[in-house]
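The following exercises concern a single structure. Each consists of a task and a solution worked in steps.

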Amino acid sequence: MQIQVLLKIAGVGLLVTVICQALTKAGREDIATVATVAGILIVVMMVVNLAGDVLAQVQAVFQLP
């Protein structure tokens, strides 16, 4: 499962990079910045989701309420 998450994060990074390069070449640096921030937010949401899963597993292992 961890490999899938890493591949998803890498895919988002590659997609954002291509979009930003295309927008920068077109002279739209402002929209390229927005695309970069959106990519960062997507990855942060994925990481927060994973952290929640880890905490749930820790609670299950130690039988915490």
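**Exercise 1.** Which residues does Ala35 touch, not counting residues up to four places away in sequence?

*Solution.* The model is a predicted one. Setting aside residues up to four places away in sequence, the residues touched by Ala35 are Val16, Ile19, Cys20 and Leu23. Ala35 also belongs to the largest nonpolar core, which has five residues: Val12, Val16, Cys20, Ala32 and Ala35. Helices H1 and H2 each contribute at least two residues to this core. The greatest contribution is that of H1, with three residues.

**Exercise 2.** Determine how helices H1 and H2 are arranged, and identify the residues in contact.

*Solution.* Two packed helices are described by the angle between their axes and by the distance between the axes.

Step 1. Helix H1 spans residues 2–25 and helix H2 spans residues 29–62. Their packing angle is about 175 degrees, and the axes lie 8 Å apart.

Step 2. Angles over 145 degrees count as roughly antiparallel; therefore H1 is roughly antiparallel to H2.

Step 3. On the H1 side, the contact is made by Val5, Lys8, Ile9, Val12, Val16, Ile19, Cys20, Leu23 and Thr24. On the H2 side, the contact residues are Glu29, Ile31, Ala32, Ala35, Thr36, Gly39, Ile42, Val43, Met46, Val47 and Leu50.

Step 4. Sorted by class, the contact of H1 with H2 comprises 15 nonpolar, three polar and two charged residues.

**Exercise 3.** How many salt bridges does a search of the whole structure find? Identify the partners and classify their accessibility.

*Solution.* Side chains of opposite charge can pair when their charged atoms come close.

Step 1. The search of the whole structure yields one salt bridge.

Step 2. Arg28 pairs with Asp30 in a salt bridge, and their closest N and O atoms are 3.9 Å apart. The cut-off for such a pair is 4 Å.

Step 3. Arg28 has 40% relative accessibility and therefore counts as partly exposed. Asp30 is likewise partly exposed, at 48% relative accessibility.

**Exercise 4.** For Val34 and Phe62, establish the location, the accessibility and the C-alpha separation from a second residue.

*Solution.* The cut-off for an exposed residue is a relative accessible area over 50%.

Step 1. Val34 lies in helix H2. Its relative accessible area is 55%, so Val34 is exposed. Val34 and Leu50 are 16 residues apart along the chain, and their C-alpha atoms are separated by 25 Å.

Step 2. Phe62 is also found in helix H2. At 59% relative accessibility, Phe62 counts as exposed. Between Phe62 and Ile42, which are 20 residues apart along the chain, the C-alpha separation is 31 Å.

**Exercise 5.** Where is Gln63 placed, and is Gln63 buried or exposed? Describe its backbone and its separation from Val47.

*Solution.*

Step 1. Gln63 is placed in the segment after H2.

Step 2. The relative accessibility of Gln63 is 71%, so Gln63 counts as exposed.

Step 3. Phi of Gln63 is near 55 degrees, which is a positive value in a residue other than glycine.

Step 4. Val47 is in helix H2 and has a relative accessible area of 43%, so Val47 is partly exposed. From C-alpha to C-alpha, Val47 and Gln63 are 24 Å apart in space, with a sequence separation of 16 residues.

Methods. Residues are numbered from 1 along each chain as its sequence is written. This is a predicted model: local features need pLDDT of at least 70, side-chain atom pairs count only at pLDDT 80 or more; totals for chains, interfaces and linings use all residues. Side-chain values use heavy atoms; hydrogens and water are left out. Axes are lines fitted to C-alpha atoms, for helices over the stretch in contact, and angles run from 0 to 180 degrees between N-to-C directions. Helices (H or I, at least four residues) and strands (E, at least two) are DSSP runs, numbered from the N terminus. Angles under 35 degrees count as roughly parallel, over 145 as roughly antiparallel, 65 to 115 as roughly perpendicular and the rest as oblique. Contact means heavy atoms within 4.5 Å. Ala, Val, Leu, Ile, Met, Phe, Trp, Tyr, Cys and Pro count as nonpolar, Asp, Glu, Lys and Arg as charged, and the others, Gly among them, as polar. A salt bridge is a side-chain nitrogen of Lys or Arg within 4 Å of a carboxyl oxygen of Asp or Glu. Buried means under 20% relative accessible area, exposed over 50%, partly exposed in between (1.4 Å probe, protein chains only). A nonpolar core is a set of buried Ala, Val, Leu, Ile, Met, Phe, Trp, Tyr and Cys residues joined through side-chain atoms within 4.5 Å.
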